Each structure stands twice: as structure tokens, then as C-alpha cells.
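Please look over the fold and the side-chain pairings of this protein chain. A short report follows the display.

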Amino acid sequence: MIVKIRSLSFILILMSCAALAGQPQSYVGTWLTTVTPPAEAGVPPFTLLLTLHADGNLLASGTSGEFPALGNPCHGTWTGSANGIEAAYVCLDFDGSLQQTGMDRLRATFKVDEKRQLVGQIGLTNYDVLGQIVFDACCAGVEGQRIEVDTSKPVVPTAGSTSLRWRR
């Protein structure tokens, strides 16, 4: 009986280690990034939240001016090594009336630099709602920081702080 328990425990430990070893842990997490499209695109830099899961899944959400009007949900996958990662994901585009205007297929390469920033490039192919290519562009620059827990700031108000009203 003890041998069976030890064997089962050993198998569970191996399975846990294998799951965690799916992707390099230095990339796993949520990154607050700035995407800078090429100058010829005429689009200003915008914010992209990028979440890289240990199992290779990717979630992203970005906002910018006219394109995409309201930001967009993005889903995809990534794979990596100590030298960098490659990602592929799809984003849905919407207009100001919340009507889908098309989608983007993106491909990206990232690495973590010496400052622990995520840096890389994103290329994009844009499709209309019928699936026809509107344009294919390369490459926007990406740079950002991992969102980390800041234990130096208390969750409760400190003495002398003013109460602010939260608004939506």
C-alpha cells in the first residue's frame, strides 16, 4: 500500500513539473505594453494588455484611436525558449456601434531584455467581415513591463489620505 502511495505521489509530482515546464516562466504573466505602429501607418502608439499563460495560451486586449475603435479581444498561443518567444493570435475588430468590422491575425516575437522589459515586434494581417484581406503590415514595436504585486502599498487607506469617489 505504501509503495502504491509513493508511486502515485511520484507520478503526480512529475505531472505537475511537466505542466509547469510547458513554457519558460520568465514570460508567463500579464504585461502592460505600448505598441508603436510603423510611422507610415499613421496610427499613434496604443496600450496592449498581454497575458501569457504557462500552458501556451495567450490573451490580449488593446485600445487605440480609430482602428480598432474600441479595442478588441484577442486569443492565441505562444511558444518559447530562453532566447525568446513566438506568438500567433486573432483579434476581433469592432466599430463605435459595437458592430464587428473584421478581424486581425497577428504574429509576434518577444524577448525579455536586461531591464526585465518585454520587447518585440508584431506583424498583422487585417481581414474584413467576409474574410477578405484588407491589408498586411509589419512591424509594430512592443515594449512593456510585467504587472507585479506591489506589497509596499497598503490596501487600506493610510492615515491622512483623502477618500476619493470611484466613478464609472
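The report below covers the strands, the core, the salt bridges and a few single residues.

## Overall fold

This is a predicted model. Its strands close into a barrel of eight, in the order E1-E2-E3-E4-E5-E6-E7-E8, with antiparallel pairing. From one strand to the next, the twist averages 25°.

Strands of a sheet pair through backbone hydrogen bonds, and the pairing can be parallel or antiparallel. Here E1, residues 29-36, runs antiparallel to E2 and is joined to E2 by seven bridges. E1 is also joined to E8, by six bridges, and that pair is antiparallel too. Across the E1 and E8 pairing, threonine 34 stands opposite glutamate 143 of E8.

## Strand E2 and its neighbours

E2 spans residues 46-52. Five of its seven residues are buried, so E2 is largely enclosed by the rest of the structure. On the E1 side, tryptophan 31 has leucine 50 of E2 as its bridge partner.

On the other pairing, six bridges join E2 to E3, residues 57-63, and the two strands run antiparallel. Leucine 49 has serine 61 of E3 as its bridge partner. E2 and E3 form a hairpin with four residues between them. In the turn, glycine 56 has a positive phi of about 95°.

## Threonine 51

Threonine 51 sits in E2. Is this residue buried or exposed? Its relative accessibility is 19%, and the cut-off for buried is under 20%, so threonine 51 counts as buried.

The side chain of threonine 51 makes a polar contact of 3.0 Å with the side chain of threonine 30. Leaving aside neighbours within four places in sequence, threonine 51 is in contact with Gly29, Thr30, Asn57, Leu58 and Leu59. Thus the list includes Thr30, the polar partner.

## The nonpolar core

In soluble globular proteins, nonpolar side chains tend to be buried together. The largest nonpolar core here has 25 residues. Those with the most contacts inside it are Leu50, Leu52, Leu58, Trp78, Tyr89, Phe110 and Ile122.

Which strands supply this core? E1, E2, E3, E4 (72-81), E5 (84-94), E6, E7 and E8 each give at least two residues.

## Salt bridges

Side chains of opposite charge can pair when their charged atoms come close. How many salt bridges does a search of the whole structure find? The search finds three.

One of them joins the side chains of arginine 107 and aspartate 136, at 3.4 Å from N to O. Arginine 107 lies in E6 and aspartate 136 in E8, so the pair ties together parts that are 29 residues apart in sequence. Arginine 107 is partly exposed, at 37% relative accessibility. Aspartate 136 is exposed, with a relative accessible area of 55%.

## The Glu148 network

Arginine 116 and glutamate 148 meet through their side chains in a salt bridge of 3.2 Å, N to O. Arginine 116 lies in the loop between E6 and E7, and glutamate 148 in the segment after E8, so this pair ties together parts 32 residues apart in sequence. Arginine 116 is exposed, with a relative accessible area of 55%. Glutamate 148 is partly exposed, at 49% relative accessibility.

Glutamate 148 also forms a salt bridge with arginine 146, and their closest N and O atoms are 3.4 Å apart. Shared partners join Arg116, Arg146 and Glu148 into one network. Arginine 146 counts as partly exposed, at 22% relative accessibility.

## Glutamine 117 and phenylalanine 135

Glutamine 117 is in the loop between E6 (100-112) and E7 (118-128). Glutamine 117 is buried, with a relative accessible area of 14%. Not counting residues up to four places away in sequence, it touches Trp31, Lys111, Val112, Glu143, Gly144 and Gln145.

Phenylalanine 135 is placed in E8, residues 133-146. At 32% relative accessibility, phenylalanine 135 counts as partly exposed. Phenylalanine 135 and threonine 125 are ten residues apart in sequence. In space, their C-alpha atoms are 5.9 Å apart.

Key:
Residues numbered from 1 in each chain as written. Predicted model: local features only at pLDDT ≥ 70, side-chain atom pairs only at ≥ 80, totals over all residues. Heavy atoms only, no water. Buried < 20%, exposed > 50% of the residue type's maximum accessible area, 1.4 Å probe, protein only. Polar contact = N/O pair within 3.5 Å; in protein donor to acceptor, adjacent residues only side chain to side chain. Contact = heavy atoms within 4.5 Å. Pairing = 2+ DSSP bridges. Axes fitted to C-alpha atoms, helices over the stretch in contact; angles between N-to-C directions. Core = buried A, V, L, I, M, F, W, Y, C linked by side-chain atoms within 4.5 Å. Salt bridge = Lys/Arg side-chain N within 4 Å of Asp/Glu carboxyl O.
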